[in-house]
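Biologist: I would like to go through the labels used for this protein and hear the reasoning behind each. Please show the model before we begin.

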Amino acid sequence: MKLLSPAKINLALEVLGRREDGYHDLLTLFQSISLADEIELVERKDGGLQLAGDEPSISWGEDNLIFQAVLKMKQRAVNSPGVEIKVRKRIPPGAGLGGGSSNAAVVLMALNQLWQVGLTRQELIKIGQELGADVPYFFHGGLCLGQGRGDLLQPLPDLEERAILLVLPPWGIATRWVFEQLPPTLTSSSKVSKINQFLKDNNLTLLVNELEGPVFARYPRLRKIKEVLKEREAELSLMSGSGSALYGMFKERNKAVEFGQEIEGSFPEVKVTIVKTLSRSQYWEAIGLGV
Ligand code: C5P
């Protein structure tokens, strides 16, 4: 079984408040993009579990989210099945692009088929929720509103296709650290939501990511890149999730290519890739599970 595991960007992220469970209540917009990891699964008749990947900065041991997903499925499968999984990583880790979460969701769905576990979609989503706050989104894809920890999803109508200029710094950022930096003022719920406004008028240009403040304070270079993207009239230029990736959204691909070259020239430490948004149906076609 060969599958793709697409990344996401957040078109907006607003923090509503702290929760008792250590998480934060959010309002966010998820959007699938065409950047994707490749995952190959081969059933093992001897019951063994094996995970390997081509990205040395990632642990491929039991702490990997894919491995945890495999263990959760094995508990629910009969006859103690085995699997060998190989991952070609294209989504950089610690970038706010949901790579690990996407991998976990895709592997849950794949093993449900491969091992004929017979779990319902809701049961799979619940396992995903236990693995991480971003995992449930990858059972929907396309454009979704996320609430709660970001794991209560409402699918929204697809946007028109956009080109995405992804700016990838050579280092990742730990999500937990970013949330720990939030000032108490940010977590009061007494502000007007730009996302609610977007839901009424579909205007993307006012959307914000409230995690940019603490990240840009620590990494001023990222703020500079965002300013350049803004000057070049990206329809929307934001950090994705808790960073470190930034993106500019463009209606025309050639503009994204042009500004990408400019950014690579001015910021030689970053890598630039041009991808595109995926509609919900394109997301499911891309994965290749036939669901
Ligand atoms: O769920 P996940 O393991 O991806 O979250 C990583 C960390 O990010 C959490 O342990 C928490 O500190 C922080 N987080 C948060 N509020 C969210 C999502 C993540 O505080 N809604």
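Modeller: This is a predicted model. Let us start with line-up and burial of helix H7, residues 220–231.

Biologist: How do you know that the span of H7 agrees with its 12 residues?

Modeller: At 1.5 Å a residue, the 12 residues of H7 should span 16 Å, and the end C-alpha atoms are 17 Å apart, so the two values agree.

Biologist: Which residues of H7 are buried, and what makes them line one face of the helix?

Modeller: Leu 222, Ile 225, Lys 226, Val 228 and Leu 229 are the buried residues of H7. Seen down the axis of H7, these residues fall within an arc of 160°, so they line one face. An α-helix has 3.6 residues a turn, so residues three or four places apart point the same way.

Biologist: What does the buried side of H7 pack against, and which exposed residues sit on the face turned away from it?

Modeller: The buried residues pack against strands S7 (163–168), S8 (236–239) and S9 (246–250), and against helices H6 (212–218) and H8 (253–266). The face turned away carries Pro 220, Lys 224, Lys 230 and Glu 231, which are exposed.

Biologist: Why is Glu 231 called exposed?

Modeller: Glu 231 has 54% relative accessibility, and exposed means over 50%, so Glu 231 counts as exposed.

Biologist: What makes the contact of Glu 231 with Arg 232 a salt bridge?

Modeller: The closest N and O atoms of Arg 232 and Glu 231 are 3.4 Å apart, and the cut-off is 4 Å. The pair therefore counts as a salt bridge. Arg 232 also forms a salt bridge with Glu 262, with the closest N and O atoms 2.5 Å apart. This second pair links distant parts of the chain, with Glu 262 in helix H8 and Arg 232 in the loop between H7 and S8, 30 residues apart.

Biologist: Why are Arg 232 and Glu 262 called partly exposed?

Modeller: Partly exposed lies between the limits of 20% and 50%. Arg 232 is at 25% relative accessibility and Glu 262 has a relative accessible area of 29%, so both values fall in that range.

Biologist: How do you know that the salt bridge of Lys 276 and Glu 161 ties together parts that are apart in sequence?

Modeller: Their side chains meet at 3.3 Å, N to O. Lys 276 lies in strand S10 (residues 271–276) and Glu 161 in the loop between strand S6 (152–155) and S7, so the pair ties together parts that are 115 residues apart in sequence. Lys 276 is partly exposed at 28%, and Glu 161 is partly exposed at 47%.

Biologist: Why does Asn 103 count as buried?

Modeller: Asn 103 is at 2% relative accessibility, and buried means under 20%, so Asn 103 counts as buried. Asn 103 lies in helix H2 (residues 99–114) and touches residues including Ser 5, Asp 37 and Lys 89.

Biologist: How many salt bridges cross the interface of domain 1 and domain 2, and what area is buried there?

Modeller: The domain assignment gives domain 1 as 2–156 + 280–287 and domain 2 as 163–276. The rule finds 0 salt bridges across their interface. The area buried between the two domains is about 2500 Å², with 64% from carbon and sulfur atoms. Leu 11, Glu 14 and Val 15 supply 22% of the area that domain 1 buries against domain 2, more than any other three residues.

Note on methods: Residues numbered from 1 in each chain as written. Predicted model: local features only at pLDDT ≥ 70, side-chain atom pairs only at ≥ 80, totals over all residues. Heavy atoms only, no water. Helix = DSSP H or I, 4+ residues; strand = E, 2+ residues; numbered from the N terminus. Expected span 1.5 Å × (residues − 1). Buried < 20%, exposed > 50% of the residue type's maximum accessible area, 1.4 Å probe, protein only. Arc of directions from axis to C-beta. Contact = heavy atoms within 4.5 Å. Domains from an automatic or database assignment. Buried area = accessible area lost by both parts, 1.4 Å probe.
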